Amino acid sequence: MKVLNSSQINAFGGINFVLDEFDKMHLGDFLQSNLPVLSPTTFYNWKDIFYSFASIYYCGGDCIEDSKTVLSRQFSGNPIFNLC
């Protein structure tokens, strides 16, 4: 299949394969059940936080600030997690 034009394709598309493997291992459920309960007013859960940190380094980032400066546009519509 050849895709000519799609807004869903980005330079970091391969990270979704890694995140899918995390989901197959039920990593999000493990984090939720073994880490402290987050405030009910927070927008994110432990899965979102961990996946955000992992995405920074798996996509070639060097520091946490790269999540908003480099990855925010590419991950804004990611169905797997919410970028923190």
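Accessible areas here come from the Shrake-Rupley method with a 1.4 Å probe, and for residues only the protein chains shown count as cover. The model is predicted, so to speak of local features we need pLDDT of at least 70 and side-chain atom pairs count only at pLDDT 80 or more, while totals for chains, interfaces and linings use all residues. Residues are numbered from 1 along each chain as its sequence is written, and side-chain values use heavy atoms, with hydrogens and water left out.

**Exercise 1. Work out what the whole protein is built from and what its surface looks like.**

Step 1: Count the elements. Helices (H or I, at least four residues) and strands (E, at least two) are DSSP runs, numbered from the N terminus. You get 5 helices and 0 strands, in the order α-α-α-α-α.

Step 2: Check the surface. It adds up to about 6100 Å², and carbon and sulfur atoms own 59% of that.

Step 3: Look inside. Buried means under 20% relative accessible area, exposed over 50%, partly exposed in between (1.4 Å probe, protein chains only). Of the 84 residues, 30% are buried.

**Exercise 2. Place Ser-52 and find its partners.**

Step 1: Find the element. Ser-52 sits in helix H3, residues 46–58.

Step 2: Is Ser-52 buried or exposed? Ser-52 is buried, because its relative accessible area is 3%.

Step 3: List the partners. Contact means heavy atoms within 4.5 Å. Skipping neighbours within four places in sequence, Ser-52 touches Phe-81, Asn-82, Leu-83 and Cys-84.

**Exercise 3. Describe H3 from end to end.**

Step 1: Start at the N-terminal end. Asn-45 caps H3 there, with a side-chain oxygen 3.0 Å from the backbone nitrogen of Lys-47. (A polar contact is a pair of N or O atoms within 3.5 Å; within protein, one must be able to donate a hydrogen and the other to accept it, and residues adjacent in sequence count only if both atoms are side-chain atoms.)

Step 2: Pick out the buried residues of H3. Among them are Lys-47, Tyr-51, Ala-54 and Ser-55.

Step 3: Go past the far end. Just after H3, Gly-60 has a positive phi of about 90°.

**Exercise 4. Say what is unusual about the backbone at His-26.**

Step 1: Locate the residue. His-26 is in the loop between H1 and helix H2 (27–34).

Step 2: Read the angle. His-26 takes a positive phi of about 55° although it isn't a glycine.

Step 3: Recall the background. Most residues other than glycine have a negative phi.
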